[in-house]
Amino acid sequence: MIVELNRPGLGVYIPRMIWKDMYDFSPDSVLLVLASTHYDGNEYIRNYQEYMEIMGCRGRQGEPGGSAAV
């Protein structure tokens, strides 16, 4: 699913353990993240194949590999 946030009043809720890629930002865009805990980079999965293994799925070739799941 691709969500295009192209108006200032739009937002998206992404629950835990959802793989996401964020890209194609305009030069004047702002990415705001609201969280209930402090950021800990060690809690993030940064490899798509590792994410798929944790989720109990088989990875497909050509899947993205540059974002993270929390």
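This report walks through some local features of the chain ahead of helix α1, plus the ring contacts that reach into that helix. Keep in mind that the model is predicted.

**The ring cluster**

Let's start with the aromatics. How many aromatic pairs does a search of the whole structure find? It turns up four. In one of them, Trp19 meets Tyr48 edge-to-face, with 5.2 Å centre to centre and 75° between the planes. Trp19 sits in the segment before α1 while Tyr48 belongs to helix α1, so this pair ties together parts that are 29 residues apart in sequence. Trp19 and Tyr48 are both buried.

Trp19 has another partner in Tyr51, and here the arrangement is tilted: 5.3 Å centre to centre, with 40° between the planes. Tyr51 is also in helix α1, and because Trp19 comes from the segment before it, the pair links parts 32 residues apart in sequence. Tyr51 is buried, as is Trp19. Put the ring pairs together and you get a cluster of Trp19, Tyr48 and Tyr51.

**A buried lysine right next door**

Lys20 is worth a look too. It lies in the segment before α1, a helix that spans 48–54. Is Lys20 buried or exposed, and which side chain of opposite charge is nearest? Lys20 is buried, yet it has no salt bridge: the nearest candidate, Asp21, is 9.2 Å away. A salt bridge would need a distance within 4 Å, so Asp21 doesn't qualify. What the Lys20 side chain does have is a backbone oxygen, that of Ile18, at 3.2 Å from one of its polar atoms.

**A nonpolar patch on the surface**

Ile18 shows up again on the outside of the model. Together with Met1, Val3, Leu5, Leu10, Val12 and Ile14, Ile18 makes up a nonpolar surface patch, and the accessible area of these residues comes to about 680 Å². Val3, one of the members, is in the segment before α1. Its relative accessibility is 45%, so Val3 counts as partly exposed.

**Positive phi angles and exposure**

Two non-glycine residues are worth checking in a backbone plot. Met17 has a positive phi of about 60° without being a glycine, and Met17 is located in the segment before α1. Asp24 likewise has a positive phi, near 65°, and is a residue other than glycine; Asp24 is found in the segment before α1.

Here is how exposed a few residues of this stretch are:

| Residue | Relative accessible area | Class |
|---|---|---|
| Met17 | 23% | partly exposed |
| Asp24 | 72% | exposed |
| Leu31 | 52% | exposed |
| Pro8 | 88% | exposed |

**Across the segment**

Pro8 and Leu31 each give a handy distance between parts of the chain. Pro8 is in the segment before α1, and its C-alpha is 9.2 Å from that of Ser29, with the two positions 21 residues apart in sequence terms. Leu31 is in the segment before α1 as well. Which residue is Leu31 compared with, and what separates the C-alpha atoms? The partner is Gly11, 20 residues apart from Leu31 along the chain, and the separation is 9.9 Å.

Definitions and conventions. Residues are numbered from 1 along each chain as its sequence is written. This is a predicted model: local features need pLDDT of at least 70, side-chain atom pairs count only at pLDDT 80 or more; totals for chains, interfaces and linings use all residues. Side-chain values use heavy atoms; hydrogens and water are left out. Helices (H or I, at least four residues) and strands (E, at least two) are DSSP runs, numbered from the N terminus. Buried means under 20% relative accessible area, exposed over 50%, partly exposed in between (1.4 Å probe, protein chains only). Lys and Arg count as positive and Asp and Glu as negative; His and the chain ends are not counted. A polar contact is a pair of N or O atoms within 3.5 Å; within protein, one must be able to donate a hydrogen and the other to accept it, and residues adjacent in sequence count only if both atoms are side-chain atoms. Patches are made of residues with over 30% relative accessible area and no salt bridge: like charges are joined within 9 Å, nonpolar side chains (Val, Leu, Ile, Met, Phe, Trp, Tyr) within 5 Å. Accessible areas come from the Shrake-Rupley method with a 1.4 Å probe; for residues, only the protein chains shown count as cover. Rings of Phe, Tyr and Trp (its six-membered ring) pair if their centres lie within 6.5 Å; planes under 30 degrees apart count as stacked, over 60 as edge-to-face and the rest as tilted.
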